[in-house]
Amino acid sequence: MNNAIELTDVCWSADKGFELRDLTLRVPTGSIYGFLGPNGSGKTTTIRIFMGMIEADRGDVRVLDRPVPADMTSILARVGYVPERPHIYPALTVGEQIRYHSSFFRLWDRGWAEELRKRLDLDPGQKIARLSKGETGKLLLLLALAQRPALLVLDEPTEGLDPVVRRDVLAAALDYVSDTGATVFISSHLMHELERICDWVGVMDHGQVVAELPMQLFKNGIKRLRVADAPDAPKGIPFTVLSRLHENGAGSGETWIVRGWEPSMRHYFDSVGATLRDVIDLDLEESFVELLRSSRPPTSGSR
Amino acid sequence: MVQPMLLVHWKQARLLLIPFIVAGFGLPLLAVQGFGGVGDDRAVSMEAYRFLTSYQVWLPYFPMLAGAVGGVLALTSWNWDHQLGHVYALSLPVARWEYAMLKMGAGAALVLVPVAALWVGAHVASASVALPEGIRAYPNQLAFRFFAATMISYALFFAMAAGTIRTTVWIVSTVMALVIGGNLLVVVLEPYVPALDDVNVVQTVLGWLLRAGGPFAVFTGNWALIDV
């Protein structure tokens with residue numbers, strides 16, 4: 001088994017016009033996969049498809065080497081899921097919710113659940129309706145982890161949490177992964193968080209995956225180049241130009257956002273009579289924004 | 001899984017169920033209020049007559065209570081799942097039909113609580129009055145009928161509540177439209193069509209549903225705790 005999650009040419013459309021088009025996604029087994037995308041790009045819909053909650057109109061979906069939705073029951077027994085919005089019953093207490101949840105999982109680790117409860121400082125007698133957002137997030141993670149999943153799916157798990165709770169939640173998830181080698185699929189807006197923990201990244205926009213690559217490549221491969229005297233239609237470029245912008249002020253300076261850049265490619269500019277003035281590293285957030293910008297129709301100011 | 005499911009359902013339904021438990025216990029007692037002892041033969045027959053006619057007043061409340069208990073238990077069984085978009089249920093490693101059966105089973109088990117209250121109430125009511133000769137109490141039969149009616153109501157509402165709100169609204173409005181439309185048609189056509197009542201579809205269907213042997217016959221049958 002090479003991939004924990006595999007979606008191939010998946011199509012899905014909603015009544016309101018939103019659709020996923022020929023979505024292909026590969027989440028390598030054992031990876032921590034960051035799933036990025038602006039609001040409404042289709043991240044949660046994609047998760048719901050491979051979690052078997054909604055059915056794709058077309059395409060092939062496999063999770064943990066089993067087909068979705070045909071083998072959903074056995075898949076879900078090995079998947080820990082923390083949804084975007086809390087989904088647990090508000091009138092139960094923390095202890096009752098843990099007991100209820102555990103009754104569905106054969107691999108439930110009671111001792112570890114108790115250890116996690118203490119570590120995350122959750123009161124078993126506290127009613128769920130009265131939990132703070134942070135406590136609810138911790139409880140959801142406890143429920144997902146104590147079932148000993150082979151795949152952990154976290155949909156915006158730290159959204160709205162304060163930095164301390166966010167750190168607790170991520171630390172608990174990462175400890176589990178380092179102990180067990182489980183795969184983590186994490187969808188989040190918090191780029192810096194993903195940058196720190198993920199080794200793979202997938203970027204989604206308008207119902208399509210626009211990039212999927214190892215985090216290191218994503219971070220190092222997208223650069224901002226400052227170029228002078230660049231030809232209008234350069235040929236034989238050894239990297240991908242995501243966008244070209246005229247710099248403000250006099251002169252023929254341009255800013256290129258490129259993907260797949262390597263230092264040895266500097267010589268290319270000499271060969272076309274241009275001058276490479278500077279190579280600037282982008283952080284994950286800048287790379288993400290530039291990637292999205294390049295995948296959308298051009299705006300004024302770009303060529 | 002059954003026990004936690006039962007706990008979840010109980011927590012959802014208990015506040016609404018408590019008045020019905022009280023009503024289940026109290027209704028048989030209310031129905032026999034004011035019945036005293038008996039004297040000579042004539043007094044016995046008069047007392048028996050008064051007994052039965054007085055009891056008749058309370059009869060409609062038993063099936064109404066059964067219908068309400070079934071409805072409340074059915075609606076509360078899906079309430080949280082609807083509110084949470086079924087995300088939790090769908091993330092559990094259990095087949096959808098099995099989850100629905102667990103829910104249904106938990107609700108069916110809770111039906112026994114008001115039924116037990118009514119059964120106890122009926123026994124207490126039977127024991128609290130001196131019955132005239134020729135009159136007998138049927139607390140077990142009454143409790144069983146109440147159980148059967150509650151289960152039918154529960155099953156019907158459970159099936160409706162399991163669907164989306166849109167589906168439920170569609171079903172209810174279709175039934176309402178058929179009943180109202182059918183009756184209006186009868187009113188409009190009655191002056192022109194002789195013996196229209198014989199071909200009144202709404203009346204025919206209702207008659208089939210409620211008559212002996214029909215699916216809802218238990219609601220219209222004999223609810224007597226006290227009878228000859």
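# Two chains, question by question

Biologist: A:Arg66 is partly exposed, its relative accessible area being 34%. In this predicted model, with which residue does A:Arg66 form a salt bridge?

Modeller: A salt bridge needs a side-chain nitrogen of Lys or Arg within 4 Å of a carboxyl oxygen of Asp or Glu. The closest N and O atoms of the pair formed by A:Arg66 are 3.4 Å apart. The partner counts as partly exposed, at 27% relative accessibility. The partner is A:Asp71.

Biologist: How many salt bridges does a search of the whole structure find over all chains, and how many are between chain B and chain A?

Modeller: The search of the whole structure gives eleven over all chains. Some share partners, and in this way A:Glu114, A:Arg117 and A:Lys118 are joined into one network. Between chain B and chain A the count is one.

Biologist: Which residue of chain B forms a salt bridge with A:Glu96?

Modeller: A:Glu96 lies in helix H3 of chain A and its partner in helix H1 of chain B, so the pair joins two chains. Both residues are buried. The closest N and O atoms are 2.9 Å apart, and the partner is B:Lys11.

Biologist: What area is buried between chain B and chain A?

Modeller: The contact takes 25 residues from chain A and 21 residues from chain B. Carbon and sulfur atoms give 71% of the buried area. The area is about 2,200 Å².

Biologist: Which helix supplies the largest share of the side of chain B that touches chain A?

Modeller: Seven residue pairs are in polar contact across this interface. On the side of chain B, helices H1, H3, H4 and H5 each supply at least two residues. That side divides into 16 nonpolar residues, four charged and one polar. The largest share is five residues, and they come from H1(B).

Biologist: Which pattern does chain B follow along the sequence?

Modeller: Chain B has nine helices and two strands. Of its 228 residues, 40% count as buried. Among its contacts with a separation of 6 or more, 79% are between residues 24 or more positions apart. Along the sequence the pattern is α-α-α-α-α-β-α-α-α-α-β.

Biologist: How many residues apart in sequence are the parts that B:Asp81 and B:Lys103 tie together?

Modeller: These two residues form a salt bridge, with the closest N and O atoms 3.1 Å apart. B:Asp81 is buried at a relative accessible area of 2%, and B:Lys103 is buried at 3%. B:Asp81 lies in helix H3 of chain B and B:Lys103 in helix H5 of chain B, so the parts they tie together are apart in sequence by 22 residues.

Biologist: How many of the 13 residues of H5(A) are buried?

Modeller: At 1.5 Å a residue, this helix should span 18 Å, and its end C-alpha atoms are 18 Å apart, which agrees. What covers its buried residues includes strands S6 and S7 and helices H3, H4 and H6 of chain A. The helix is largely enclosed by the rest of the structure, because the number of buried residues is eleven.

Biologist: How far apart in space are A:Val184 and A:Ile32, C-alpha to C-alpha?

Modeller: A:Val184 is found in strand S8 of chain A. It counts as buried because its relative accessible area, 4%, is under 20%. Leaving out residues up to four places away in sequence, A:Val184 touches A:Ile32 and others, including A:Leu152 and A:Val177. The two residues are 152 residues apart in sequence, while in space the distance is 4.6 Å.

Biologist: Is A:Asp121 buried or exposed?

Modeller: A:Asp121 is found in the loop between H4 and H5 of chain A. Its phi is near 60°, a positive value in a residue other than glycine. Its relative accessibility is 62%, which is over 50%, so A:Asp121 counts as exposed.

Biologist: Which residue is joined to A:Val68 by a cis peptide bond?

Modeller: Most peptide bonds are trans. In this one, omega is about 5°. The partner of A:Val68 is placed in the loop between strand S5 and helix H2 of chain A, and that partner is A:Pro69.

Technical notes:
Residues are numbered from 1 along each chain as its sequence is written. Chains are lettered from A and ligands numbered from 1 in the order in which they are written. This is a predicted model: local features need pLDDT of at least 70, side-chain atom pairs count only at pLDDT 80 or more; totals for chains, interfaces and linings use all residues. Side-chain values use heavy atoms; hydrogens and water are left out. Contact means heavy atoms within 4.5 Å. Buried area is the accessible area (1.4 Å probe) that two parts lose on being put together, summed over both. A polar contact is a pair of N or O atoms within 3.5 Å; within protein, one must be able to donate a hydrogen and the other to accept it, and residues adjacent in sequence count only if both atoms are side-chain atoms. Helices (H or I, at least four residues) and strands (E, at least two) are DSSP runs, numbered from the N terminus. Ala, Val, Leu, Ile, Met, Phe, Trp, Tyr, Cys and Pro count as nonpolar, Asp, Glu, Lys and Arg as charged, and the others, Gly among them, as polar. The expected span of a helix is 1.5 Å times one less than its number of residues. Buried means under 20% relative accessible area, exposed over 50%, partly exposed in between (1.4 Å probe, protein chains only).
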